[in-house]
Amino acid sequence: MDKQQRMELRRQAGYRDLPKPQIKEKGPEYSLSYVCCACRTSNMRQFNLEPCHYPKSIECPICKGVAVCVGRHFKPPKKYDTAQWKKVEFLIEHGFIFQKIRPVKNCYDSVPYPETLAQAKDFVVKYQQYAVKTPYNK
């Protein structure tokens, strides 16, 4: 007799209870990144709200400055990589919070974000109509 058959016999005899189904509580849909350029940190936060109602900025838990919401696809640079952090700060100041930019209607291809600060300056000029308001660029 194999293990499954023995377990079934125990259940039928009342020696073994069936496991109760686990009910998962509904929690936040997903986490979003919040970036503080002053202390060069990125923090993931969850709220029991719809993603469109998440706050646009929060208080930085480290330096108590402003941390801006940059979505869930943001990959922060290393803390010591000053060139990349300058690029991130430049983009956020100009309203680019790492949202997907799709210049062609009904197309899922998005524009890649720039890799250097020099490319970011051209990027900001070319795609300025896609910029959004942030606490940095009010």
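Ala, Val, Leu, Ile, Met, Phe, Trp, Tyr, Cys and Pro count as nonpolar, Asp, Glu, Lys and Arg as charged, and the others, Gly among them, as polar. The model is predicted: local features need pLDDT of at least 70, side-chain atom pairs pLDDT 80 or more, while totals for chains, interfaces and linings use all residues. Residues are numbered from 1 along each chain as its sequence is written, and side-chain values use heavy atoms, without hydrogens and water.

**Exercise 1.** Sort the lining of the largest pocket by class.

Solution.
- Residues nearest the pocket centre are Leu-32, Cys-69, Val-70, Gly-71 and Ile-97, out of 21 that line the pocket.
- The classes come to 13 nonpolar, 4 polar and 4 charged.

**Exercise 2.** Find which residues of H2 are buried (under 20% relative accessible area, 1.4 Å probe, protein chains only).

Solution.
- Locate helix H2, a DSSP run (H or I, at least four residues, numbered from the N terminus). H2 spans residues 82-93.
- The buried ones are Trp-85, Lys-87, Val-88, Phe-90, Leu-91 and Ile-92.
- Past the helix comes Gly-95, with a positive phi near 90 degrees.

**Exercise 3.** Explain why Cys-36 and Cys-63 are not bonded.

Solution.
- A disulfide needs two cysteine sulfur atoms within 2.5 Å.
- The closest cysteine sulfur to that of Cys-36 is in Cys-63, 3.5 Å away, so the pair is too far for a bond.
- Cys-37 fares likewise: its closest cysteine sulfur, in Cys-36, lies 6.9 Å off, too far for a bond.
- The search of the whole structure finds 0 disulfides.
- Cys-36 is buried at 1% relative accessibility, and Cys-37 is buried at 9%.

Technical notes
Helices (H or I, at least four residues) and strands (E, at least two) are DSSP runs, numbered from the N terminus. The expected span of a helix is 1.5 Å times one less than its number of residues. Buried means under 20% relative accessible area, exposed over 50%, partly exposed in between (1.4 Å probe, protein chains only). On a 1 Å grid over the protein atoms alone, a cavity is a set of points where a 1.4 Å probe fits but cannot get out, and a pocket is an open set with protein on both sides within 12 Å along at least five of seven lines; lining residues have an atom within 4 Å of a point.
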